[in-house]
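Student: Before we look at the model, could we agree that each name you use will be set against its cut-off? I would like to follow the reasoning from value to conclusion.

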Amino acid sequence: VPSARGANDAAWRRLKDHVAQQVLPASGGRVVWQHDGGLLVDFAEARSAVHAAFAIQRACSNGNAGLGLDRPILPRIGLQMGEALTDQTDLYGSGASVATRLTAIAGPGGIVASSTVRDGLTSVLDADIEDLGECYLHEMNQPVRAYRLEPPGTRQPIEPGDVVDELRPTIAVIPFAEHGQGHEPLGEILAEDVIAALSRSAELNVVSRLSTTAFRGRGASLGELSAHLKADYVLCGAYRVAAGSLILAAELAETKSGRVAWAKDFKGSVAGIVEGKSELIDRLVGEAGSAIMERELERTRSQSLQSLQSLQTCTLLIGAIALMHRLSPSDFNRARDMLLAVAQRVPRHAIPLAWLAKWHVLRVWQNWSDDAAADTRLALDFGKRALDNDSHCSLALAIDGFAHTNLLKSLDVGQARYALALQVNPNDSLAWLLSGMLHAFKGEGKQAVKATRHALRLSPLDLHHYFYDSLAASAELSAGRFERAIELARRSLRANRMHASTWRALAIAQWHLGRHDEAHATVGELMKIEPMLTVSNWLERSPSSEYPVGKLCAEALRNAGVPA
């Protein structure tokens, strides 16, 4: 209800004409009632009403340019959700009544809304909102909670204090829209499932669903999303439903460059999505996550070691992790330099130190170390430093357990570390995976399979998914499930042929199934990667060597052609 009491008649008529011809068509409003002192305007939803109020406010404050006025008009605007009934002489209904009375406390040129209107707004995006508390209005017995509204961005935001450069890229998932319509509940369900799956990844920060839902239907630009959500990537899209099937066109974009990093169409059943059993979600999350990691790695490829300082810390870390797990010697060594650069930037952070510990473990296990004892000391030292920085970092706990298990054969220490990691974070997929491998070393096949299968479910991103498949293959091996072990090993090798442990697991499974020729061929590939391998030096470093399962594996390797 804009009121312009005190303005001359000509100015008031010009304002009413401007509202009717310019403001309302743009915001979907309609004039319900008017007289010389005010207007009652109706809108379908609160956000449109607020945007119209700001448009009226702007026109009035810039009267010469917008309305041709000698001096600005200062309307008072009140906003309330409710019904408005009219006849030729008056207006009725609680909504109209409250809106009219709110103009009294708005002040010249001000906008005041009730709590029902405020509940339909997103602070910062729709308006800067100030709570006026419980206000008593004329001729009303009960107070009304009222809020003063100003255009968004009117007040200078308070930025957070000094923070450590974030080590993980941030992704925002905007609710998916239905083709030709608005955002339906199915789009919200899709987005929520995707957010839940992405949130299980240790490699990504994921903006909460409540924050991203605020952008539903706004058509916000990538720049606006980046500014408000502080996201590096935005995942959005549109879907259509036909005969019980859902076709989703998804798109992943970088907020800073505006570049589309990845786009793909997916098809699945509506029933599966509603019931939470859709493979579409897994494929979408896996491919979008891989695209992010590949994009972050691309940035590191284009930089020399001398120019690493120009990269974001999260880009540098993601690139290092990806290079480390490719297991080619040159990439592997570059990864260490990059991890050291990250550790220098954030010396009090546990994450880069934990990854450095894993780098040294992998170096020993790939048989690339010139001094296994020195790499063992460094792995343990980096693990200790990581835990000194953050004793409740589940990644650091898991990798320290990995070092104790695989390098010192201290399975009791490893088991305690994994248990603590899972106590801190029950969804830490790496801790589940390594815990399963520890059971496999001891020949506890049932527990090994259970833990590694859970790890695979918790790890939708395939940044180094081959590592998960490889250890899961060893778990199945310990349970005597040789066919399943071969499936997982082959899937792992399709992603990375350089992981020696996978070839060993494959050869052992093939030998136990009587596929001796295949086992001999597999050992031939294994020896190309690990030419110095012998059964004795494998037993010397394997935590399974003291258990029956280790002896059976050693015998299978020897029979398949690994030198004694």
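**Strand pairs, a buried serine and a cavity**

Student: Val112 stands opposite Arg148 in β8, but what makes β6 and β8 a pair of strands?

Tutor: Strand β6 (residues 111-114) and strand β8 (residues 144-150) are joined by three bridges and run antiparallel; a pair needs at least two bridges found by DSSP, so these strands qualify. The model is predicted, with local features requiring pLDDT of at least 70 and side-chain atom pairs pLDDT 80 or more, whereas totals for chains, interfaces and linings use all residues. Residues are numbered from 1 along each chain as its sequence is written, and side-chain values use heavy atoms, leaving out hydrogens and water.

Student: Which strand pairs with β8 besides that, and over how many bridges?

Tutor: Strand β7 (residues 128-135) pairs with β8 in the antiparallel sense over seven bridges, and within this pairing Asp128 has Glu150 of β8 as its bridge partner.

Student: Why is the pairing of the open sheet that contains these strands called mixed?

Tutor: Strands of a sheet may pair either parallel or antiparallel, through backbone hydrogen bonds. Here β3 and β6 pair in the parallel sense over three bridges, with Gly78 having Val112 of β6 as its bridge partner, while β6 and β8 run antiparallel, as do β7 and β8. The four strands, in the order β3-β6-β8-β7, thus form an open sheet whose pairing is mixed.

Student: What makes a strand of this sheet an edge strand, and which are they?

Tutor: An edge strand pairs on one side only, as β3 (77-79) and β7 each do.

Student: How do you know that β13 and β14 belong together, and what lies between them?

Tutor: Strand β13 (residues 245-254) and strand β14 (residues 260-269) pair in the antiparallel sense over nine bridges, with Glu251 opposite Ala263 in β14. They form a hairpin with five residues between them, and Gly258 in the turn has a positive phi of about 80°.

Student: Is Ser429 buried or exposed, and how do you know?

Tutor: Ser429 has a relative accessible area of 9%, and buried means under 20%, partly exposed up to 50% and exposed over 50% (1.4 Å probe, protein chains only), so Ser429 counts as buried. Ser429 is found in helix α17 (residues 429-441), where a helix is a DSSP run of H or I of at least four residues and a strand a run of E of at least two. Leaving aside residues up to four places away in sequence, Ser429 touches Ala455, Leu458, Ser459 and Tyr468, a contact being heavy atoms within 4.5 Å. Across the protein chain of 564 residues, buried residues make up 52%.

Student: What makes a space in this structure a cavity, and how many of 30 Å³ or more are there?

Tutor: The structure holds one; on a 1 Å grid over the protein atoms alone, a cavity is a set of points where a 1.4 Å probe fits but cannot get out. The largest cavity has a volume of about 380 Å³, and of the 26 residues that line it, the closest to its centre are Trp365, Met437, Phe441, Ser474 and Ser501; a lining residue has an atom within 4 Å of a point.

Student: Which helix gives the most to the lining of the largest cavity?

Tutor: α19 gives the most, with six residues, and the elements giving two or more include α17 and α19 (465-478).

Terms used: On a 1 Å grid over the protein atoms alone, a cavity is a set of points where a 1.4 Å probe fits but cannot get out, and a pocket is an open set with protein on both sides within 12 Å along at least five of seven lines; lining residues have an atom within 4 Å of a point. Grid points are joined across faces, edges and corners, and a volume is the space filled by probe spheres set on the points.
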